[in-house]
Amino acid sequence: MSKPKEKTKESISIAITGSGGAGVMTAGTLLLEVAAQAGWYGLMVRTSGPQIRGGEAGALMRLAHSPVECLGDRFDILIGVDWQNIHRFADEIPMDASGVMIGDPEQGEPPEIFLKRGARLGAVPFKHLVKSIPGSWANMIALGLAAGMAGLPMESVKAVLQKSLKKGGGEKMAANLAAAEAGYSAAAGMPPVQGLSAPAKSKSATAPDKRWLITGNQAAGYGAIRGGVRFCAAYPITPATEVLEWLAPALPKVGGTLVQAEDELASVNMIIGASYGGVPSVTATAGPGLSLMTEAIGLAVVAEVPIVVIDVMRGGPSTGLPAKSEQSDVNIAVLGLHGDAPRIVVAPNSIGDCVTATQWATMLAEELQSPAIVLSDQYFGQTRAVVDPPDVLGKVGKRVTAQAGAEPYRRYAITASGVSPMAVPGTPGCAYTADGLEHNERGLPSSQADDHIKQLDKRAKKLAQYDYGKSWADIEGDGDFAVVTFGSSTGAAREAVARAQAEGIKTRLVSLRLLAPARPEHMAKALAGAKNVLVVEQNHTGQLYRYLRAEYDMPGKVRSFCHPGPLPMRPDEIHQQITQWSRS
Amino acid sequence: MTSSATAVPLTAQAYKSDYKPIWCPGCGDYSVLSSFTKAFALLQLQPENVAVVSGIGCSSRIPAYTNCYGFHGVHGRSLAAAAGLKLARPDLTVVVASGDGDGYSIGGNHFLHACRRNVDLTYVVMDNHVYGMTKGQPSPTTEPDWESKLSPEGTGLREFNPLVVALAAGANFVARGFAGDPNGTAELIAQAIKAPGFSFIEILSPCITFRPEQREWKSMVRPSSVPATDDAARAARRLMTDDGMNIGVLYKGERKPYQPPVGKGKKNPSDLEAEFTL
């Protein structure tokens with residue numbers, strides 16, 4: 001289907017690439033700040049080869065006048081500060097004849113794979129320009145060039161550089177400002193790209209200086225603190241490390257603390273110990289770490305100790321694709337404990353929602369005395385975005401605690417809600433043993449059938465009966481056609497649904513935030529009347545699709561649309577699924 | 001530690017629960033349990049301010065047998081849970097109970113790092129050179145020629161030397177006790193609790209069910225002929241050359257315990273938003 005040629009567009013996509021050390025991530029980060037300074041929204045995804053230092057790197061960006069939640073379908077501008085190994089990113093940087101790729105002819109031939117796709121070529125002599133401006137860097141030329149081509153004002157580039165190079169002193173600042181200006185003026189000589197449409201007037205838009213520049217990993221850390229977390233045990237793992245690194249200085253400021261553990265077995269057991277002591281606790285990890293933690297998460301289920309485990313998903317199984325995104329930990333999160341072990345699984349569905357969803361998960365963990373797994377992913381975690389300030393929930397998690405009464409304390413008393421008051425060590429008259437062994441209401445080990453069944457029922461009931469309110473899913477639009485998705489596929493699905501709606505296909509979107517426990521009645525309402533249900537996710541086997549088929553009575557015809565990482569879900573491919581299926 | 005407001009001192013009995021142990025008759029762990037409660041009484045700790053943390057195994061059943069707060073977690077991870085608890089709640093006295101399988105095999109890595117981290121914990125390992133709960137398999141401290149169903153010809157492996165390892169890894173207090181001397185062991189535990197940082201006590205605690213020959217330990221143990229040293233190298237040399245039967249405090253170091261401050265920062269969580277706001 002050929003599309004009508006538009007003179008302008010809603011967003012502009014830019015990739016800045018180069019070999020490690022070329023400073024493309026710095027250029028990308030600064031470009032995002034320039035966009036923010038100019039009152040735009042945007043996001044920047046980092047991609048790199050497997051090397052720790054050196055190797056190829058790319059800053060993949062999308063800029064717009066309204067909030068953007070995912071990468072676009074294709075790139076308008078590819079700037080190669082150099083071309084070394086950039087062909088390895090060919091799949092991650094889709095381009096066609098509408099795109100322009102710019103490099104330095106002195107750096108050798110541009111990668112053929114992009115040219116074959118019809119991308120038009122522009123030349124900027126990075127090397128020569130750097131020589132002519134002593135003390136300048138090629139990435140600053142790329143920054144100016146990208147800003148110029150995107151239609152960002154030079155004043156914004158200046159303002160951002162003056163702020164960020166303040167420490168470097170006058171000479172460094174002057175040289176790199178000159179480099180950015182040289183890049184900016186070179187933009188005029190490049191093959192043209194479609195510019196951004198004028199911003200739509202919206203009263204509800206947040207003032208540019210109130211917006212946030214944040215990554216999903218920072219957001220998740222902040223959400224945990226907002227939920228009441230004051231203890232973290234940390235074991236580094238890509239791509240979750242930044243959650244922990246953000247929390248390390250942040251927790252002491254609010255009276256908390258972070259300790260580095262010797263492994264993930266220790267980190268999860270440390271947070272269980274701290275939370276048993278009455279202090280809401282979190283750790284963050286990725287698939288391999290979550291695998292190691294599953295035994296202890298089961299302990300938290302049985303001993304009813306609230307903990308929050310943030311899983312920043314990456315490609316798996318095993319070591320997999322450590323620095324690339326994939327939504328393939330659904331199975332382990334919702335099913336991956338031995339025994340009948342109810343647990344909470346919450347998935348944020350935007351970078352801003354990493355704050356809200358993690359805060360909510362912490363509140364749920366505390367109120368329900370249960371482990372909560374937060375399923376973020378590398379895309380959210382390591383993408384930096386300009387976002388409207390996310391919703392911050394009004395309260396922190398409230399754990400029901402115990403005081404000594406006339407009756408002997410029963411830690412695991414059977415109650416109507418399934419939640420029983422949890423004594424904080426130090427409380428006189430309430431001493432009990434938190435135990436991974438099945439126990440009776442007092443908490444004493446028991447292998448009697450009656451105690452086992454009562455406690456299994458209690459633990460299942462407290463999660464099933466809880467009123468999760470509207471937060472369980474975001475439901476948008478209505479129509480016969482429903483797209484069900486979660487997490488980072490939501491942004492692309494939302495755009496695809498909007499396009500389908502604009503074409504007259506009545507489509508609704510259900511983005512699940514609460515993956516476990518399942519909410520069958522709520523889902524039945526959300527999908528009432530749907531004839532086609534498309535389940536969209538970024539993994540190889542349709543893990544969410546299978547889970548939904550197991551837990552829910554899905555109406556109409558249900559299809560899975562899934563593909564694994566590292567390629568992101570793009571709006572176009574989901575849109576095609578909708579149009580093709582709705583026409584067939 | 002809160003001192004008791006009552007005039008009547010707490011006896012060891014005050015720290016015992018009414019829950020009956022599952023141990024075999026004659027198990028050394030009964031004595032160690034009584035040493036725990038005697039030590040708490042010696043220090044007049046309020047039961048609610050003591051947490052007894054354990055993993056899995058015969059020795060790890062101790063928490064529920066006390067009247068203190070207890071935590072009976074997963075196999076091998078007691079030190080991690082205890083460190084998290086102590087770091088989050090430095091006001092509590094945290095005592096960890098383990099055995100040679102739980103502590104030296106599956107929990108070996110945590111043992112090294114607990115010594116190194118030096119959180120103010122007391123780690124009591126009841127060593128009987130056998131996995132008792134699973135009915136008699138060799139542990140890291142089992143002699144190389146000890147035959148069992150799982151090791152029909154013995155393991156052929158050299159025994160693990162936990163005290164030397166603890167010294168090398170940085171434990172601040174190292175002692176050896178014997179279950180057959182409950183008062184002496186109570187004294188050791190009380191000293192270990194009082195000592196700042198990570199205190200490690202290895203207690204020879206016979207398993208007469210699977211290792212009946214350990215009844216002989218009674219006639220083999222002897223009080224260490226030398227006082228505790230603060231010289232780790234000297235302590236290590238002594239430990240590497242002794243026969244494993246010298247009882248007493250062997251090393252007392254001066255390392256500062258690891259305890260980052262908690263509750264000091266007074267910022268509101270929303271103050272952290274400044275970092276993100278454009």
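The following questions and answers examine the sheets, helices and chain contact of a predicted model.

User: Which strands stand at the edges of the open sheet of seven strands in chain A, and why is one side of each left without a neighbour?
Analyst: The strand order of this sheet is β11-β10-β12-β13-β15-β14-β21 in chain A, and the pairing is mixed. A strand with a single partner strand has one side without a neighbour in the sheet, so the edge strands are β11 (257–260) and β21 (514–516) of chain A.

User: How many bridges join β10(A) and β11(A)?
Analyst: Strand β10(A), helix α8 (residues 241–253) of chain A and β11(A) together form a right-handed β-α-β unit. Within the pair, Ala234(A) is opposite Gln260(A) in β11(A). The two strands pair in the parallel sense, and the number of bridges is four.

User: Which residue of β12(A) stands opposite Cys232(A)?
Analyst: Strand β10 (residues 231–234) of chain A also pairs with strand β12 (residues 281–285) of chain A, in the parallel sense and over two bridges. In β12(A), the residue opposite Cys232(A) is Val282(A).

User: At about what angle to β15(A) does helix α12 of chain A run?
Analyst: Helix α12 (residues 353–368) of chain A lies across three strands of chain A, namely β13 (307–313), β14 (344–346) and β15 (371–377). Relative to β15(A), the helix runs at about 165°.

User: Which strands stand at the edges of the open sheet of five strands in chain A?
Analyst: This sheet has the order β18-β20-β19-β22-β23 in chain A, again with mixed pairing. Each edge strand has a single partner strand, so one of its sides lacks a neighbour in the sheet; these strands are β18 (473–476) and β23 (557–562) of chain A.

User: What is the bridge partner of Leu534(A) in β23(A)?
Analyst: Leu534(A) belongs to strand β22 (residues 532–537) of chain A, which pairs with β23(A) in the parallel sense over six bridges. In β23(A), the bridge partner of Leu534(A) is Arg559(A).

User: Why is α15(A) described as oblique to α18(A)?
Analyst: The axes of helix α15 (residues 489–502) and helix α18 (residues 571–583) of chain A come within 8 Å and cross at roughly 45°. Angles under 35 degrees would count as roughly parallel, and those from 65 to 115 as roughly perpendicular. The crossing angle therefore makes the relation of α15(A) to α18(A) oblique.

User: How many residues of the contact of α15(A) with α18(A) are nonpolar?
Analyst: Among the contact residues of α15(A) are Ala492(A), Glu495(A) and Arg499(A), while those of α18(A) include Pro571(A), Ile574(A) and His575(A). The residues of this contact comprise two charged and two polar ones, and the number of nonpolar residues is seven.

User: Which element gives the most to the side of chain B that touches chain A?
Analyst: The contact takes 53 residues from chain A and 42 residues from chain B. On the side of chain B, β2 (69–72), α2 (78–88) and α4 (108–117) each supply at least two residues. With eight residues, the element that gives the most is α2(B).

User: What is the bridge partner of Asp435(A) in β2(B)?
Analyst: Strand β17 (residues 433–435) of chain A pairs with β2(B) in the parallel sense over three bridges. In β2(B), the bridge partner of Asp435(A) is His72(B).

Key. Residues are numbered from 1 along each chain as its sequence is written. Chains are lettered from A and ligands numbered from 1 in the order in which they are written. This is a predicted model: local features need pLDDT of at least 70, side-chain atom pairs count only at pLDDT 80 or more; totals for chains, interfaces and linings use all residues. Two strands pair if DSSP finds at least two bridges between them. Two residues are in contact if their C-beta atoms, placed from the backbone, lie within 7 Å. Axes are lines fitted to C-alpha atoms, for helices over the stretch in contact, and angles run from 0 to 180 degrees between N-to-C directions. Angles under 35 degrees count as roughly parallel, over 145 as roughly antiparallel, 65 to 115 as roughly perpendicular and the rest as oblique. Ala, Val, Leu, Ile, Met, Phe, Trp, Tyr, Cys and Pro count as nonpolar, Asp, Glu, Lys and Arg as charged, and the others, Gly among them, as polar. A crossover is right-handed if, with the strands pointing away from the viewer, the path from the first strand over the helix to the second runs clockwise.
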